[in-house]
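Where does a protein leave empty space, and what occupies that space? The following paragraphs take up these topics for the structure shown below.

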Amino acid sequence: MIDPRKILDFSLLDAAGLVTFLDLEGDSQKKLLSEAAALRNERLGNKVYFRGLIEFSNICAKDCLYCGIRMSDKETSRYNLSDREIIDAAKFADEQNYSSIVLQSGELASKSFTMRIGKLLEAIHKSTGDKLRVTLSLGEQSEEVYKFWQDCGAHRYLLRIETSNRELYHKIHPVDGKHSFTKRIRALEILKKMGYQTGTGVMIGLPGQSMVDLAQDLLFMKSFGVDMVGMGPYIEHSNTPLYALRNELWPIQKRFSTALNMIALLRLIMPEINIAAATALQAIDKMGREKAIRAGANVIMPNITPGLYRDNYKLYENKPCTDENADDCTNCLQARVGMAGSEIGFGEWGDSMQYRQRMKENFNQAD
Ligand code: SAH
Ligand code: SF4
């Protein structure tokens, strides 16, 4: 097998070169994953950063064909945390020294939603003494809305491209005027230009997705110059339209294993970005997130949504930890990260190194 570090040579950096690594198994896979973790340690150190994830509402105006909380799903009971519950969850993250939180929900585009998020951002910063870095993951919004939220104190934004293959993107989203690949790319460009720490990601093992598509996803992330990535296996949900294509899917273990290879390859081609160990990995393998850390990831998102609501935020089935409370997750994760040979950067923001460089260059150019 080719030495994984050689991937850093640009000669190998094309889809065909990447594909040769994507389905590695056994000893050669082990080598790929451990090289990626070693490169992370060299460039960024062995710290893993926590982002306390608050899934504050499952109300969504979109209908992505793969998602368990899509608008047309009539079986999900809808919830919306109160401002107090959200602020308390943020305070919990601060008390636990996480230093970062993620506010995630279904996608809504309304004046009242926009204003509510703005107020929440201000209240969270006020009640935690401006110590938290806040990531939003609230879907596609207008430039004005992104700007408003940034002014209210949002630092980072997560918007997965889901797949960089335009045709596949349209296969997994309905044709209803609300789902456009071009619009999604444009939203990512706006976020990046605006100075958000910009995160994207893809689902791995979608029906009809090929290894070449996944290699192209990696190249997309590199050429776009993302600061952070969260990507994980696609997990079918029986109440969704895409479930009809379940017979076309790779076995779940193959999706899992390919996801680890994707993380490792991304670390090798983008050594200085933040890469999250997606929760979907843990839905397949109890040690999934720890395995991702061993493959080069450096971010974990402990779920700190109040336990009562977690059961109803089922983007996919078998979602882990939906019956635990937030304290359990902190303790179990700390031990698990230790087992994976890393330590948690408590009390540190853990901003993406790539982002810091990018902002420095912008600043220098402005001089
Ligand atoms: N509404 C926002 C944020 C919540 S959804 C948005 O769509 O951006 C967050 C992510 O969950 C999506 O980007 C998608 O990649 C992932 N997701 C949804 N359904 C999934 C499934 N069945 N399997 C794996 N990941 C899924
Ligand atoms: Fe809504 Fe996000 Fe699910 Fe799409 S993926 S249906 S936007 S919650």
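The account begins with the largest pocket of this predicted model, which is lined by Q29, K30, L33, S34, A37, F256, L260, K291 and R294. The volume of this pocket is about 170 Å³. Three helices, namely helix 2 (26–44), helix 9 (252–269) and helix 11 (288–294), each contribute at least two residues to the lining. Helix 2 gives the most, with 5 residues. Sorted by class, the lining of the largest pocket consists of 4 nonpolar, 2 polar and 3 charged residues.

From the open pocket the account turns to enclosed space. Rolling a probe the size of a water molecule over the atoms shows where empty space is left. The count comes to 2 cavities of 30 Å³ or more. The largest cavity holds about 990 Å³ of space. Its lining comprises 46 residues, and those nearest the centre of the cavity are Q104, S137, R160, E162 and L315.

Several strands and one helix each supply at least two residues of the lining of this cavity. The strands are strand 2 (52–57), strand 3 (100–105), strand 4 (133–137), strand 5 (156–158), strand 8 (228–233) and strand 9 (274–277), and the helix is helix 10 (279–284). By class, the residues that line the largest cavity divide into 26 nonpolar, 9 polar and 11 charged.

What takes up the space of the largest cavity? Ligand 1 does. This ligand is surrounded by 17 residues, of which Y66, S105, R160, E162 and I235 are the closest. Two of these names, R160 and E162, have already appeared among the residues nearest the centre of the cavity. The shell around ligand 1 is made up of 9 nonpolar, 4 polar and 4 charged residues.

Contacts between polar atoms add detail to this picture. A polar side-chain atom of E162 is found 2.6 Å from an oxygen atom of ligand 1, and a polar side-chain atom of R184 lies 3.5 Å from an oxygen atom of this ligand. I235 takes part through its backbone, with an N or O atom 2.8 Å from a nitrogen atom of ligand 1. On its own, ligand 1 has 540 Å² of accessible area, and the protein covers 92% of that area.

Where does ligand 2 sit? Ligand 2, too, sits in the largest cavity, where ligand 1 is also placed. The residues surrounding ligand 2 are C60, K62, C64, Y66, C67, I69, R70 and G106. By class, this shell has 5 nonpolar, 1 polar and 2 charged residues. Y66 belongs to the surroundings of ligand 2 and is likewise listed with the closest residues to ligand 1.

Technical notes. Residues are numbered from 1 along each chain as its sequence is written. Chains are lettered from A and ligands numbered from 1 in the order in which they are written. This is a predicted model: local features need pLDDT of at least 70, side-chain atom pairs count only at pLDDT 80 or more; totals for chains, interfaces and linings use all residues. Side-chain values use heavy atoms; hydrogens and water are left out. On a 1 Å grid over the protein atoms alone, a cavity is a set of points where a 1.4 Å probe fits but cannot get out, and a pocket is an open set with protein on both sides within 12 Å along at least five of seven lines; lining residues have an atom within 4 Å of a point. Grid points are joined across faces, edges and corners, and a volume is the space filled by probe spheres set on the points. Helices (H or I, at least four residues) and strands (E, at least two) are DSSP runs, numbered from the N terminus. Ala, Val, Leu, Ile, Met, Phe, Trp, Tyr, Cys and Pro count as nonpolar, Asp, Glu, Lys and Arg as charged, and the others, Gly among them, as polar. A residue is near a molecule or strand if one of its heavy atoms lies within 4 Å of it. A molecule sits in a cavity or pocket if more than half of its atoms lie within 2 Å of its grid points. A polar contact is a pair of N or O atoms within 3.5 Å; within protein, one must be able to donate a hydrogen and the other to accept it, and residues adjacent in sequence count only if both atoms are side-chain atoms. Accessible areas come from the Shrake-Rupley method with a 1.4 Å probe; for residues, only the protein chains shown count as cover.
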